[in-house]
Amino acid sequence: MNNNKSVIYWLLSGCFLVFVMVVVGGITRLTGSGLSMTDWHLVTDTFPPLTEAAWQQAFDAYKQFPEYKLVNIHNNFQLADYKFIYFWEWFHRFIGRILGFVFIIPFVYFLIKKKLDNETLKKCGILLGMGAFQGFLGWFMVASGLKDMPDVSHFRLALHLTFAFITFAYTLWVALDLIYPNKTEVILPLRNLARITLFFILLQIIYGGFVAGLDAGFIHNHWPLMSDGQFFHYSITLEKDTWLLRFTEGKSGVQFVHRTMAYFVVTLIVLLFFKSKKHLLSKEQKSGINALLIVVFLQFTLGVLTLLYSVPLWLGVTHQAMAFFLLASITYTLHRLSK
């Protein structure tokens, strides 16, 4: 680790910035700010409008798009309101630019100083491609809300969100490879269970994106049952014609999957915890599993509270942020059980 400290800190700083960016993205979503910037320019959008005339020009451009024409025009929406939503979307994109600089400049420096071995260089090349693709996904998502309907596609939102989580996890994995260069004995039953758990956590994140994109957290604000004391609410069968569409495009169906899968994720992690007691584990392996158990119960509690209180801003953002800690915990645990 000592020989790679600077590279490790660089990678971990990238993890932190991805975390911040997704948290700000959550605020952007919950404040209805995501469609405030109606175009994208790499250089000229770096700073927000600096004069009242520039602000008015940006506001006039915004008025040409569905969100203003179909929604905000009826809400006495003024320039001051526009400045508020513009700030969050601009800040979200600004962090993305900072993240690009934080990655590329040190990467070139480490390349010149030959601080990256061939294996790490390949992994960093993948990270560079992932970062560029994430930027494309961001605009791909926003573009879906600038045409006919004043809202982005929930499929594109989930793709953008989930890929950010995957980028975070892979960056952390590369850093862990450098922190723990020596391999340990692989405990196959625990590693395989951890892999299954990671899969379902990612699937749960995808459905979290569906819930956010469809505003499905604002209905059935009851727990442990849905509305009217029903575990499987009758409205699920009324929303769409097929079960696939009901569980991917229907608000009630998407919420049902997300809230039900939470029980499954908790069960898998509890099972991993108790199965680990049958094996002789290293200190790092024990710490990872213990952290995973604590974080999943915190996340489950936050999810319930977010639902019961109809997604207040601070709870919605905290719930999304805790998902990062859950993913970080399973990534660390899987790394320690795999290598």
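**An all-helix order and one residue of H10**

From the N terminus on, the elements of this protein run α-α-α-α-α-α-α-α-α-α-α-α. The model is predicted.

Trainee: How many helices and how many strands does the protein have?

Mentor: The order of elements from the N terminus shows α at each place. The count for the protein is therefore 0 strands and 12 helices.

Trainee: What is the radius of gyration of the protein, and what does the globule rule give for 339 residues?

Mentor: For 339 residues the globule rule gives 20 Å. The protein comes close to that value, so it is as compact as a globular protein of that length. Its radius of gyration is 22 Å, against 20 Å from the rule.

Trainee: Which helix holds Gln255, and is this residue buried or exposed?

Mentor: Gln255 lies in helix H10, which spans residues 251-276. A residue counts as buried under 20% relative accessible area. Gln255 has 3% relative accessibility, so the residue in H10 is buried.

Trainee: Which residues does Gln255 touch, leaving out those up to four places away in sequence?

Mentor: Touching here means heavy atoms within 4.5 Å. By that cut-off, the partners of Gln255 are Val211, Ala216, Gly217, Ile219, His220, Met226 and Leu307.

Trainee: What distance separates the C-alpha atoms of Gln255 and Val142?

Mentor: Along the chain, Gln255 and Val142 are 113 residues apart. In space, their C-alpha atoms are separated by 23 Å.

Trainee: How many Å apart are the mean positions of the positive and negative charges?

Mentor: The protein has 28 positive and 19 negative charges. The mean positions of these two sets are separated by 13 Å.

Terms used. Residues numbered from 1 in each chain as written. Predicted model: local features only at pLDDT ≥ 70, side-chain atom pairs only at ≥ 80, totals over all residues. Heavy atoms only, no water. Helix = DSSP H or I, 4+ residues; strand = E, 2+ residues; numbered from the N terminus. Rg over C-alpha atoms; globule rule 2.2 N^0.38 Å. Lys, Arg positive; Asp, Glu negative; His and termini not counted. Charge placed at Lys NZ, Arg CZ, Asp CG, Glu CD. Buried < 20%, exposed > 50% of the residue type's maximum accessible area, 1.4 Å probe, protein only.
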